[in-house]
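I opened the notebook to look up three things here. They are the DNA contacts, one helix pair and the relation between the chains.

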2 protein chains.
Amino acid sequence: MSPVPMYEVIYGDLLSQIKSGALAPGDRLSSEPALASQYGVSRMTVRQALDQLESEHLLVRRRGSGTYVAEPSATYRRMNRLGSFGEEMGVSEVTTDTKFQGSVVPPDEVRGKLGLKPRQKAVRLLRVRLVSGTPAAVQESWLPYSLAPQLAREELIGGSLYGTLLERWGVKLKWAEQTISAVAATGEHAGWLGVEQGSPLISITRVAFVDDGTPIELAHSWTRPEFPLFARLET
Amino acid sequence: MSPVPMYEVIYGDLLSQIKSGALAPGDRLSSEPALASQYGVSRMTVRQALDQLESEHLLVRRRGSGTYVAEPSATYRRMNRLGSFGEEMGVSEVTTDTKFQGSVVPPDEVRGKLGLKPRQKAVRLLRVRLVSGTPAAVQESWLPYSLAPQLAREELIGGSLYGTLLERWGVKLKWAEQTISAVAATGEHAGWLGVEQGSPLISITRVAFVDDGTPIELAHSWTRPEFPLFARLET
DNA sequence: GAGTGGTCTAGACCACATG
DNA sequence: ATGTGGTCTAGACCACTCA
């Protein structure tokens, strides 16, 4: 049997059609029996692919009517999934001002969360992200040096850390745990972000993991309140 | 056929066994074929129930080994789901100081988000929530007066708004959309929460919906940073 | 009434984990 | 070697929507 299951093939095919716009929001898909015969599989297999797309809010099923491409929900894709900074902001005009990029021995708190041994080095990235030229957030990322040494000096592909990890080293982040709070801006952050010292910022601490549960990235971010987070909660 | 599908019956049965502790974290469930014969259904039907429990992180499946009750993940249940204040805080010692409870004509911003007509009244609840006696958050809730008039004067069942809506009026919230940011504490909020005026607070605006998409509650909350939010993000 | 998605069956072969 | 979950089949009947 092919190493990749049929329902994942179908999932990927439909996903790319949706992302490319070949299937636009509101469009009706072929019926389940029709898809089954198109892909040469049984209906249950098609349903496995559709179930997954529906759970990601990319499809809406209406009994007796059909299966439709969902209207993009600002709320869902913005925060219930792990994405790039631009994806989370829902904007594309993101530029980056890198304040520091290099390898250092991390403080104990970082070392613990990344599971590093004493004196083991880590890559530290300190960046200011700007949306349409306006400073929006300060991001500090720590990664094990052994994972990707070149990260300490090479430029990121397309300015995206996660994209670079995947394309350059095949490191695929699987999930992340976040803590969200609020803090008063320090003098340095205030200067970078163009706000008053002591003014409120959204503070996020994030640990990202790969498939087997190994922590790969510890990130702190400080975001101006004009760039809030969005989330959709299910019952 | 029974009005409720078999896989939901099985789902509910396993869920209650997990919640009651009859199935404890780490326990192995019967195998899928065994469950199928126990419930008198086919294996695919059992799998539908298990799929749902797995997607809620209540079960972990290990190929070749078995299906196990998951270790409760602090992170997941705390914020990716819509729950009571206590559930979200992950604590049980929550008390409430009600500052206002009554019906008023809401400001336009509230009226719009709840889809009310001009001059239509709304119930307003203003509460300070305390965790182990420490003020943690100010919560302001707005609901259509027509939905639950008694809410304007009667006490909440167990101090829970969502619980009261469900038990008293059968109103079941289905999902909510949140915006999370940071603000400086106003004088009034600072006083209630025991913090300095101008100090940073987590600010959340939430609109909760019932099944058919009707907005039922608009809530604002202001939370001390010592009580952060937790979230788990999937890829 | 024809077509859709929702549920369900009774099998099958496979990759994998464990003793 | 045995048993587990992962994938898949080729049907079936149902409730529902829509023309």
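I count a polar contact as a pair of N or O atoms within 3.5 Å. The model is predicted.

**Entry: polar contacts to DNA strand D**

I looked up Arg43(B) with that cut-off in hand. A polar atom of the Arg43(B) side chain sits 2.7 Å from a base nitrogen of DNA strand D. Then I checked Arg43(A). An N or O atom of the Arg43(A) side chain is 3.3 Å from a base nitrogen of DNA strand D. Arg61(B) reaches the backbone: a side-chain N or O atom of Arg61(B) is 3.4 Å from a phosphate oxygen of DNA strand D.

Which elements give two or more residues to the surface near DNA strand D? From chain A I noted helix 1 (6-20) and helix 3. From chain B I noted helix 2 (32-39), helix 3 (43-55), strand 1 (59-62) and strand 2 (66-69). Helix 3 of chain A gives the most, with 4 residues.

**Entry: the whole surface near DNA strand D**

I find 25 residues around DNA strand D. The closest are Met6(A), Tyr7(A), Ser42(A), Thr45(A) and Arg43(B). By class, the residues of this surface are 7 nonpolar, 10 polar and 8 charged. I also looked at the DNA side. Of the strand D atoms within 4 Å of the protein, 66% belong to sugar or phosphate, and the rest belong to bases.

**Entry: helix 2 and helix 3 of chain A**

How do helix 2 and helix 3 of chain A pack, and at what angle? I read about 105° for helix 2 (residues 32-39) against helix 3 (residues 43-55), with the axes 8 Å apart. Angles of 65 to 115 degrees count as roughly perpendicular, and the two helices are therefore roughly perpendicular to each other. On the helix 2 side I listed Glu32(A), Pro33(A), Leu35(A) and Ala36(A). They meet Arg43(A), Val46(A), Arg47(A) and Leu50(A) of helix 3. This contact has 5 nonpolar, no polar and 3 charged residues. Arg43(A) is on this list and also in the base contact I noted above.

**Entry: chain B on chain A**

I laid chain B on chain A. The RMSD is 0.2 Å, after a turn of 180° and a shift of 0.0 Å along the axis. That is the relation of a two-fold axis. Which residue of chain B comes closest to the rotation axis? I found Pro200(B), with its C-alpha at 2.4 Å. Last, I checked the interface. Of the interface residues of chain B, 97% are also interface residues in chain A, so the copies meet through the same surface.

Technical notes: Residues numbered from 1 in each chain as written. Chains lettered and ligands numbered in written order. Predicted model: local features only at pLDDT ≥ 70, side-chain atom pairs only at ≥ 80, totals over all residues. Heavy atoms only, no water. Axes fitted to C-alpha atoms, helices over the stretch in contact; angles between N-to-C directions. Parallel < 35°, antiparallel > 145°, perpendicular 65-115°, else oblique. Contact = heavy atoms within 4.5 Å. Nonpolar A, V, L, I, M, F, W, Y, C, P; charged D, E, K, R; others polar. Near = heavy atom within 4 Å. Polar contact = N/O pair within 3.5 Å; in protein donor to acceptor, adjacent residues only side chain to side chain. Least-squares fit on C-alpha atoms with pLDDT ≥ 70 in both.
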